[in-house]
Amino acid sequence: MTHKIISTIGLGILGVDPFTAVYLLSMGLRQEKKSNITLFFLSYAGFSIFIGAILSSIFGAAAVDILKSMVPGDNSPVWAVLEFVVFVFILVWVLRRLFSARKKKGEKEKKAVDGRWIKYLSTGFVFAISCFTDPTYYAVILMGGETENFLTATLLLTIWFVVSQFMALIVYAANGLNLLDKLVAWVDKLKAKNRKPITYTFYAVFVIIAVVLLMDIGSYLFDGRYLF
């Protein structure tokens, strides 16, 4: 069980999602009621965790066997093609970021829209459904299925949600404690102070990943096997 928890934490880190934090931040800055923000966030968390746990219980370990039969073998050329696609995507993205002309972005004021509780509940449900676009969510569901235990699957998915949504949790807590404005000011100050070093470090990491992928592809083409 310990190794599953550690694996889940790792998958949560890989699946870190900043978009929910941004959405919560916008809700707070629009002066939405705290009860509405709570309803949205808890419905998002609840639907994400329990839908995944239910799927784990229904499909169980059988889902793992189905997935294994669909995944290409370790030395399949499919992986080389996928790595090349990722390599090109990273390279193009970094080059466009580095050499594109700077464009001034005007900030548009967002008007608060009044709505009933069903609006926030349904928005949370939509955000939960978006979890299905994240491969790490599937991985945790499959691990939960291997345990064949609903409570264990729920625990694993809860850990995954907390880790992957740690930024949203910070924003949610700051809003609840009336510290949202201070949080925004601190983030702006940090960005202004360390923007360039952080940005170039971020680009460097992506370039290194792209180079490693290219080396892996080269190893497969010339030696018939992958480095990793």
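This passage describes the helices, nonpolar cores, surface patch and a few individual residues of a predicted model.

The fold is a good place to begin. The protein contains 10 helices and zero strands, so written from the N terminus its elements read simply α-α-α-α-α-α-α-α-α-α, with helix defined through DSSP runs. Of its 228 residues, 32% are buried. Among the contacts with a separation of 6 or more, 80% join residues that stand 24 or more positions apart. The accessible surface amounts to about 15500 Å², and carbon and sulfur atoms hold 69% of that area.

Turning to the interior, the largest nonpolar core is made up of 28 residues. Within this core, the residues with the most contacts are L24, V140, L157, W160 and F161. Two or more residues come from each of α2 (19-29), α3 (34-59), α6 (117-129), α7 (135-147), α8 (150-164), α9 (166-176) and α10 (180-223). The most generous contributor is α3, which supplies seven residues. For a closer view of one core member, L157 can be followed outward: beyond its neighbours within four places in sequence, L157 is in contact with I49, G52, A53, Y137, V140 and I141. A second core, separate from the largest one, has six residues, including F87, Y203, A210 and L213. As general background, nonpolar side chains in soluble globular proteins tend to be buried together.

Two buried residues help to show how the helices meet. M27 has its place in helix α2. With a relative accessible area of 0%, M27 counts as buried, because the cut-off for that class is under 20%. Setting aside residues up to four places away in sequence, M27 touches E32, N36, I37, F40 and Y120. One of these partners, I37, is 10 residues from M27 in sequence, and the C-alpha atoms of the two are 7.1 Å apart in space. S43, in turn, lies in helix α3. The relative accessible area of S43 is 8%, and therefore this residue is buried as well, again being under 20%. Apart from its neighbours within four places in sequence, S43 is in contact with Y120, L121 and G124. Y120 thus appears in the contact lists of both M27 and S43.

Not every nonpolar side chain is hidden, and the surface deserves a look too. F50, I54, I58, F59, F150 and L151 form a nonpolar patch there, with a combined accessible area of about 640 Å². Both α3 and α8 give two or more residues to this patch, and the largest share, four residues, comes from α3. Helix α3 therefore serves two settings, since it gives seven residues to the largest core and four to the patch, where members have over 30% relative accessible area. I54, a patch member, lies in helix α3. At a relative accessible area of 44%, I54 is partly exposed, because its value falls between 20% and 50%.

Finally, G218 offers an example from helix α10. Its relative accessibility is 21%, so G218 counts as partly exposed, the class of buried residues being under 20%. Along the chain, G218 and A80 are 138 residues apart, yet their C-alpha atoms are separated by 8.9 Å.

Conventions. Residues are numbered from 1 along each chain as its sequence is written. This is a predicted model: local features need pLDDT of at least 70, side-chain atom pairs count only at pLDDT 80 or more; totals for chains, interfaces and linings use all residues. Side-chain values use heavy atoms; hydrogens and water are left out. A nonpolar core is a set of buried Ala, Val, Leu, Ile, Met, Phe, Trp, Tyr and Cys residues joined through side-chain atoms within 4.5 Å. Buried means under 20% relative accessible area, exposed over 50%, partly exposed in between (1.4 Å probe, protein chains only). Contact means heavy atoms within 4.5 Å. Patches are made of residues with over 30% relative accessible area and no salt bridge: like charges are joined within 9 Å, nonpolar side chains (Val, Leu, Ile, Met, Phe, Trp, Tyr) within 5 Å. Accessible areas come from the Shrake-Rupley method with a 1.4 Å probe; for residues, only the protein chains shown count as cover. A salt bridge is a side-chain nitrogen of Lys or Arg within 4 Å of a carboxyl oxygen of Asp or Glu.
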